[in-house]
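Me: I would like a close look at one part of this protein, followed outward to the parts around it. Please keep to what can be read from the model.

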Amino acid sequence: MINRSLLRALVTSAALAGAGALLASCNGDDISLANNAKANQPVPPKLVADMTAKDMDLQSPILVRLYKQEAELEIWKQDRSGRFALLKTYPICRWSGDLGPKVREGDRQAPEGFYTISPAQMNPQSAYYLSFNTGYPNAFDKALGRTGSQLMVHGDCSSRGCYAMTDEQIAEIYSLGRESFFGGQKSFQLQAYPFKMTPANMAKHRNNPNMPFWKMIKEGNDHFEVTRQEPKVDFCEKKYVFDAIKKPGATRDLVFDASAKCPDYAISDEMADAVREKQATDIAETARLIAKGTPMARINTGIDGGMHRVFAARVPDGNTGLSEPGDGSLSLMARAPGTIPSHVNPPKAPSDNLLMGTPEPPKLAAAPAPTPAAAPTRVANAAPAAENDGWFSSLARKVGIGGGAADATASTPPAKPKVIEAKQTAPRPDASPPKAAAPKPDAKHAAANRPPLKPSVDSSAPAAKDNQVSGSAPIVSSNSFDSRFGATK
């Protein structure tokens, strides 16, 4: 069990060090972990109860998986057996770009791949309510000359290269990440995919030029699927390598460099056999679906990202864009999980991204306009600076850090059981120099003009007015960053 004093020092050091490294782009807020009411909201009691039912601890490690086509974000959490299990699935309110990885600054693409999220990447002062940095570009992206910065998962349901949730959703997701750090997790993994890596989707998108890249990251997906453990990710020869270990009898540690030749590595026989079996089954099913006549998806032009249908059905001229229904469970939600801001910009109706021979679907009807209601109660407002002068802010002043810049949306066949010799097949894009940082957002995005706190989602409560999520009773956290970190044992 990690000593709380040591954990406090580690997380504080990481957060303060990372604050100075973040660049201003989309919102221009300062980074600070000192007594922020939004960032200290407790995990909702219903979600804690779900953890208990699934044999999970509140502070056990988490893992995040994102899917563009289905517009879903999954939170996986480690149970007491040590394996990861699905805790909750959140519909994504807005993502931008096309199916495929981010290539260059300003392409408006949301990233795809495997990324690592540390405490320093958590931003409680985001103008988009709360956020965390995806860590793009990783070593693989850099080896290919890909550019871009400050790609986030954030609130506000507005995206120009990010994954945007509602404010209520990001508050809940943020709290889960925070608690995992309190529990000792040094970082959590973010897996971002174009779609769920099923044979049906692989067959449908078989003509897409990104398929070599998707097959590569699917291997990481398969490692997770067969083990329910976070796959260890390395890079060499401009490709991903998963769960590499030293060969039997080897004495030298493995050294990976994304641009250099791969070291002589192996994968455990047990894992390699399980992954190979899954891949063989998937390949056979994909071939069967192709032979059956599964239509190919068209290459997109004029793309504009996607939005989950539960949100698209509740905004004027709502359209899901490139997003398609997943397993249907989220589409049955009686109400949108969070406040949909009035400035939300739904995707344009896609015409060039439909399956060949499939007629364009009708637009989703927007929900009736709600009756105006009284302004929502502002909950757990941060107290004046003198009252909130906690441990983090004191330390920040002592080390001379007044705050860094905040997050932004950037304008932006089978595995072998031993050494893997797969060659890089994804084409190297023409990298362009990064553009200047985007200007500050207008007043409607300014943090000062946004409610400082929104309550957690409670699907069991009656529907609320103005698209406000149900269960919006004020919640005041009794466990702030200061009180949690300040506790002694």
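The request concerns one strand, and the reply starts there and then moves to other parts. How is strand 1 covered, and which strands pair with strand 1?

Reply: This is a predicted model, in which local features need pLDDT of at least 70 and side-chain atom pairs count only at pLDDT 80 or more, while totals for chains, interfaces and linings use all residues. Residues are numbered from 1 along each chain as its sequence is written, and side-chain values use heavy atoms, with hydrogens and water left out.

Strand 1 covers residues 62–67, and 6 of its 6 residues are buried. Helices (H or I, at least four residues) and strands (E, at least two) are DSSP runs numbered from the N terminus. Buried stands for under 20% relative accessible area, exposed for over 50%, and partly exposed for values in between, with a 1.4 Å probe and protein chains only. In a regular strand, side chains alternate between the two faces of the sheet. On one side of strand 1 are Ile62, Val64 and Leu66, on the other Leu63, Arg65 and Tyr67, and all of these are buried, so both faces are covered.

Strand 1 pairs with strand 2 in the antiparallel sense over 6 bridges; two strands pair if DSSP finds at least two bridges between them. It also runs parallel to strand 10 (residues 188–193), joined by 5 bridges. Arg65 takes part on both sides: its bridge partner in strand 2 is Glu74, and Arg65 stands opposite Gln191 in strand 10. The hairpin of strand 1 and strand 2 has 4 residues between the strands, and Ala71 there takes a positive phi near 50°.

Strand 2 (residues 72–78) contains Glu72. Glu72 has a relative accessible area of 2%, so it counts as buried. Its contacts, not counting residues up to four places away in sequence, include Arg65, Leu66 and Tyr67, along with Lys196, His308 and Asp327. Contact here means heavy atoms within 4.5 Å. The side chains of Glu72 and Lys196 are also joined by a polar contact of 3.2 Å. A polar contact is a pair of N or O atoms within 3.5 Å; within protein, one must be able to donate a hydrogen and the other to accept it, and residues adjacent in sequence count only if both atoms are side-chain atoms.

Lys196 leads back to strand 1, as it lies over the face of Tyr67, at 5.4 Å from the ring centre. For a charge to sit over a ring, NZ of Lys or CZ of Arg must be within 6 Å of the ring centre and within 35 degrees of the ring normal. Tyr67 also belongs to a cluster linked by ring pairs, together with Phe114, Phe140, Tyr193, Phe213, Phe235, Tyr240 and Phe242. Rings of Phe, Tyr and Trp (its six-membered ring) pair if their centres lie within 6.5 Å; planes under 30 degrees apart count as stacked, over 60 as edge-to-face and the rest as tilted. Phe213 of this cluster has Arg146 over its face, at 5.6 Å from the ring centre.

By the ring rule the count comes to 15 aromatic pairs. One of them is Tyr115 with Tyr136, where the centres are 6.3 Å apart and the planes are at 55°, so the pair is tilted. Tyr115 lies in strand 5 (residues 113–117) and Tyr136 in the loop between strand 7 (131–133) and helix 3 (139–143), so the pair ties together parts that are 21 residues apart in sequence. Both Tyr115 and Tyr136 are buried.

Strand 7 also belongs to an open sheet of 5 strands in the order 4-9-8-7-6, with mixed pairing. Its edge strands are strand 4 (94–95) and strand 6 (122–123), each pairing on one side only. Strand 7 and strand 8 (residues 152–154) run antiparallel and are joined by 3 bridges, with Ser131 opposite His154.

Two helix residues remain. Leu47 lies in helix 2 (residues 45–53), and it is buried at 4% relative accessibility. Among its contacts, not counting residues up to four places away in sequence, are Tyr90 and Leu176; the C-alpha atoms of Leu47 and Leu176 are 9.7 Å apart, and the two residues are 129 residues apart in sequence. Lys204, in helix 5 (residues 199–204), is buried at 9%, and its side chain makes a polar contact of 2.7 Å with the side chain of Glu324.
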